[in-house]
Amino acid sequence: MQNPARAADRDFILASVHELLVETGEDWDRCTHRLRVLGRADTQGLFRAGHHYRPGDPYGPLLHAWTVLQNTYPCQDTATLHGLEEACLRSADLLPAHPAPWVTLLGLRRRLRRPVPEVFRVWEEAVRRDPWHREAYRQMLRYLSPDECGSKSAALDFVESARGRMPASAPAAGLYLAVQTDLYHQALAQQGVHAILARQLWETHSARRALEHGVALWTDPDFLVHVAGPADLNMLAYALVEARRAKQAAEVFRLLDGTVSPWPWRFHGDPVDKFRYWQDLLL
């Protein structure tokens, strides 16, 4: 029998989370960001329970899905993921203008390694509702990477197809630096000559232009106003460090003022330690 006090606490938390998501209004990017953060924090499975306790709530299945996608549970079998796919489609019916159900479904189909046409159809539904949705582009980039269902050329082609059309301050504006960072990490992981030559990836004309562009525009405190702007600045600081551009990296560290994001620092160990090492060295 369920403890009434515990049930009341759970209901209060779920109602508060629902309001936290509703209050984002049409800031679609912020809503998806909150879903991801809440899902990652739910190590006790509260939102998995909430998915069943609050029928008709369009956000419940999305929270459940992000909890499963970002935490390790023994029940992450194919049947569970298929059930979450159906739940996301029901959320999409309840939130017809919202990209979050489609971005969440994209994450599930990525996990299931679905064929490219199926995944692209879901991505297109997301960006039809929000053309430069950061998480939609990042999910698609990961799916197209050599580590998952694509290749280096597929990932680069995807980025280049969007790069020329994307507004400089769009939430997805860090897409090119993201793919360059992924390729850099892949080269380092191969060790040997690939790791030795990895830093040359930051010396190509395209990479140098992206870094200069980031320093010129992103260091304006009013430029990156999307919710994951600090994460993009962390990516820029990391890339500048690895490209041995110490003076420019220091400028970004100064702007970040100690705000650390796990990626991409975690590739080299504890992200906070790595961030602080370079921050202390450069400032």
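What follows is a working chat about a predicted model.

User: Let's start with salt bridges. How many are there?

Analyst: The count comes to 16 salt bridges in this predicted model. As background, side chains of opposite charge can pair when their charged atoms come close.

User: Which residue does Asp232 pair with?

Analyst: Asp232 forms a salt bridge with Arg134, and their closest N and O atoms are 2.8 Å apart. This pair links distant parts of the chain, since Asp232 sits in helix 13 (residues 229–242) and Arg134 in helix 8 (residues 134–143), 98 residues apart.

User: Is Asp232 buried or exposed?

Analyst: Asp232 counts as buried, at 1% relative accessibility. Its partner Arg134 is buried as well, with a relative accessible area of 11%.

User: And what about Arg129, which residue does its side chain meet?

Analyst: The side chain of Arg129 meets that of Glu125 in a salt bridge, at 2.7 Å from N to O. Both belong to helix 7 (residues 116–129), and because they are four residues apart there, about one helical turn separates them. Glu125 is partly exposed, at 24% relative accessibility.

User: What separates Arg163 and Glu160?

Analyst: About one helical turn, because they are three residues apart in helix 9 (residues 152–163). They form a salt bridge too, with the closest N and O atoms 3.3 Å apart. Arg163 counts as partly exposed at 22% relative accessibility, and Glu160 is partly exposed with a relative accessible area of 41%.

User: Which residues are joined into one network by shared partners?

Analyst: Glu85, Arg109, Arg114 and Glu118 are joined into one network by salt bridges that share partners.

User: Switching to cysteines. How many disulfides?

Analyst: The count is zero disulfides. For Cys31, the nearest cysteine sulfur belongs to Cys88 and is 12 Å away, and Cys31 is in no disulfide. A disulfide here needs sulfur atoms within 2.5 Å.

User: Is Cys31 buried or exposed?

Analyst: Cys31 is buried, with a relative accessible area of 0%. Cys149 is likewise in no disulfide, and the nearest cysteine sulfur to it, that of Cys88, is 18 Å away. Cys149 is partly exposed, with a relative accessible area of 30%.

User: Now Thr181. Where is it?

Analyst: Thr181 is in helix 10, which covers residues 175–190. Its relative accessible area is 0%, so Thr181 is buried.

User: What is it in contact with?

Analyst: Setting aside neighbours within four places in sequence, Thr181 is in contact with Trp202, Met235, Tyr238, Trp263 and Pro264.

User: What kind of peptide bond runs from Trp263 to Pro264?

Analyst: That peptide bond is cis, with omega near 5 degrees. Pro264 is found in the loop between helix 14 (246–256) and helix 15 (271–282).

User: What else is in that loop between helix 14 and helix 15?

Analyst: Asp257 is also found in the loop between helix 14 and helix 15. Asp257 has a positive phi of about 50 degrees although it is not a glycine. Asp257 is exposed, with a relative accessible area of 67%.

User: What about the phi of Arg113?

Analyst: Phi of Arg113 is near 55 degrees, a positive value in a residue other than glycine. Arg113 lies in the loop between helix 6 (100–111) and helix 7. Arg113 is partly exposed, with a relative accessible area of 42%.

User: Cavities next. How many are there of 30 Å³ or more?

Analyst: The structure holds two cavities of 30 Å³ or more. The second largest cavity contains about 40 Å³ of space.

User: Which residues line the second largest cavity?

Analyst: The lining is made of Leu141, Ser145, Pro146, Ala155, Val179, Asp182, Leu183 and Gln186. Helix 10 supplies the largest share of that lining, four residues. By class, the lining has five nonpolar, two polar and one charged residues.

User: Last one, Thr80. Where is it found?

Analyst: Thr80 is found in helix 5 (residues 78–94). Thr80 counts as partly exposed, at 23% relative accessibility. Thr80 and Val68 are twelve residues apart in sequence, and their C-alpha atoms are 9.2 Å apart in space.

Methods
Residues numbered from 1 in each chain as written. Predicted model: local features only at pLDDT ≥ 70, side-chain atom pairs only at ≥ 80, totals over all residues. Heavy atoms only, no water. Helix = DSSP H or I, 4+ residues; strand = E, 2+ residues; numbered from the N terminus. Buried < 20%, exposed > 50% of the residue type's maximum accessible area, 1.4 Å probe, protein only. Contact = heavy atoms within 4.5 Å. 1 Å grid on protein atoms, 1.4 Å probe; cavity = no way out; pocket = protein on both sides within 12 Å on 5 of 7 lines; lining within 4 Å. Points joined across faces, edges and corners; volume = space filled by probe spheres on them. Nonpolar A, V, L, I, M, F, W, Y, C, P; charged D, E, K, R; others polar. Salt bridge = Lys/Arg side-chain N within 4 Å of Asp/Glu carboxyl O.
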